[in-house]
Structure formats: structure tokens, C-alpha cells
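Thanks for making time this morning. I would like to walk you through one structure, going from its core to the helices that pack around that core, and then to one buried side chain.

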Amino acid sequence: EEEKLPPLDDSLAELYGVEEGGLEQLRADVVSNMEREAAEKVKADVKEQVMNALLELNPIDVPSSLIHQEMHSRQHEAMRRLGIEEHDKAPPVENFRPGAEKSVRLGLLMRQLIEDKGITVDPDRVKTKVEEICSGYEQAEEMVASYLSNPQVMTQIEPIVLEEQAVDWLVEQGKLKTRKVGFKEYMKPDL
């Protein structure tokens, strides 16, 4: 059993579906994908840091009824994902307490921040978000138009965009610390 690598030429690009531009286009596509993945991870990490700081700096009491409601919602979602129909075979509801409590606290704090700062949903960002969601599909433009004209879909997307805008506002108010890290080191999963 010997590993046999394909030649590093335009035929390699064809193996990966690159029909025009050959090896150079394949390299450009790989670099573009790496940059996109790194940018998405940075954005997610910054959001997590901002949310953790928001929680740490704003301790609030949360109504237990909201926590229990969120715990049960998470339990039902887990049951759906695992294909469990019988409630007695569901994961214990208490397993969901830490995440539910954090989620409820964050939800309340974010709603208050959005209200206090008068943050309103930016239609251009909504359109950009819809374009991101639809970008992988063949008829992306048609899907974008369909999503934007569907009020039910918009009620799901607009809160996501509004939260992103609130996180951006928090980032603008905070102190940024940057450090250089290599791609492999940054992108490797925590072991």
C-alpha cells in the first residue's frame, strides 16, 4: 500500500472540478476558502468573547420560568435531533440548565442593549445575510428574491442580523487586542 499523489498540474485542478484557470485557479480557490474560513472563525470567536464579557459585566437574576422553558425547548430539540419520540427516553432536562440559563441571560441583556441603544435592523445587512445563506445554491438569485419576499423567513433572519449589529456595536465600544497566529494553529480543533 503506497500513497500515490496526482501530479501538481492542471490535471489536479480538473480532479477538483476547476474547469478554467487550471492549477492557478485551484490555488486561488483554496486561498480564498482558507481566508473565508479564518474570517468566519475570527468573527465567531470575537462574538463569543463579547457575549462572555457581557454576561460577566452584567450579572442579572433571571426568572426561573424562563430558564425552565428554555431547558424544555432544548430537551425537545435534542430529542428531535436524536430521533427520540418517547419522552421517558429523553436526555434529563437538568442537563440543559447551564446552557439554558446562559442563553436566557444573554437574550435579556441583548434585548435591553438593542432597546437602549436604539439599534434597528439594517435592510442592507438583511439582504447581505440572505445572499450569504443562498450563495451555495444553483439558482441563488431566485432564492434571494424568494427569501426577501417571504415574511415568515424574514422573521427568522432579521433577529439574527439585529444581534450581529448589537455585537458589532459592543465590539466598537470595547478594547481590541490582536495577535498574529498561523492558520494551522488557529484553525486546528481543540483537543
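Before I name any neighbours, let me fix one word: when I say that two residues touch, or are in contact, I mean that they have heavy atoms within 4.5 Å. Please also keep in mind that what you see is a predicted model.

With that in place, let us start from Met-110, which touches Met-51, Leu-54, Glu-163, Ala-166, Val-167 and Leu-170 when residues up to four places away in sequence are not counted. Met-110 also appears in the largest nonpolar core, a set of 13 residues in which Leu-54, Met-110, Ala-166 and Leu-170 have the most contacts. Which elements give two or more residues to this core? They are α2, residues 22-57, α4, residues 97-117, and α7, residues 151-173, and the largest share, five residues, comes from α4. There is also a second, separate core of eight residues, which includes Val-126, Val-130, Met-154 and Ile-157.

Now to the helix pairs. Two packed helices are described by the angle between their axes and the distance between the axes. For α2 and α7, the angle is about 75° and the axes are 10 Å apart; since angles of 65 to 115 degrees count as roughly perpendicular, that makes α2 roughly perpendicular to α7. On the α2 side the contact is made by Lys-43, Val-46, Lys-47, Val-50, Met-51 and Leu-54, and on the α7 side by Glu-163, Glu-164, Val-167, Leu-170 and Val-171. Sorted by class, these residues are seven nonpolar, no polar and four charged.

For α4 and α7, the angle is again about 75°, with the axes 10 Å apart, and these helices are therefore roughly perpendicular to each other. Here α4 contributes Met-110, Leu-113, Ile-114 and Lys-117, while α7 contributes Leu-162, Glu-163, Ala-166, Val-167, Trp-169 and Leu-170. What classes do we find in the contact of α4 with α7? There are eight nonpolar, no polar and two charged residues.

Finally, let us turn to Met-79, which lies in helix α3, residues 64-82. Is Met-79 buried or exposed? Its relative accessible area is 6%, and because buried means under 20%, Met-79 counts as buried. Leaving out residues up to four places away in sequence, Met-79 touches Ile-84, Glu-85, Glu-86, His-87, Ala-90 and Pro-91. Along the chain Met-79 and Lys-89 are ten residues apart, and their C-alpha atoms are separated by 8.7 Å.

Conventions: Residues are numbered from 1 along each chain as its sequence is written. This is a predicted model: local features need pLDDT of at least 70, side-chain atom pairs count only at pLDDT 80 or more; totals for chains, interfaces and linings use all residues. Side-chain values use heavy atoms; hydrogens and water are left out. A nonpolar core is a set of buried Ala, Val, Leu, Ile, Met, Phe, Trp, Tyr and Cys residues joined through side-chain atoms within 4.5 Å. Buried means under 20% relative accessible area, exposed over 50%, partly exposed in between (1.4 Å probe, protein chains only). Helices (H or I, at least four residues) and strands (E, at least two) are DSSP runs, numbered from the N terminus. Axes are lines fitted to C-alpha atoms, for helices over the stretch in contact, and angles run from 0 to 180 degrees between N-to-C directions. Angles under 35 degrees count as roughly parallel, over 145 as roughly antiparallel, 65 to 115 as roughly perpendicular and the rest as oblique. Ala, Val, Leu, Ile, Met, Phe, Trp, Tyr, Cys and Pro count as nonpolar, Asp, Glu, Lys and Arg as charged, and the others, Gly among them, as polar.
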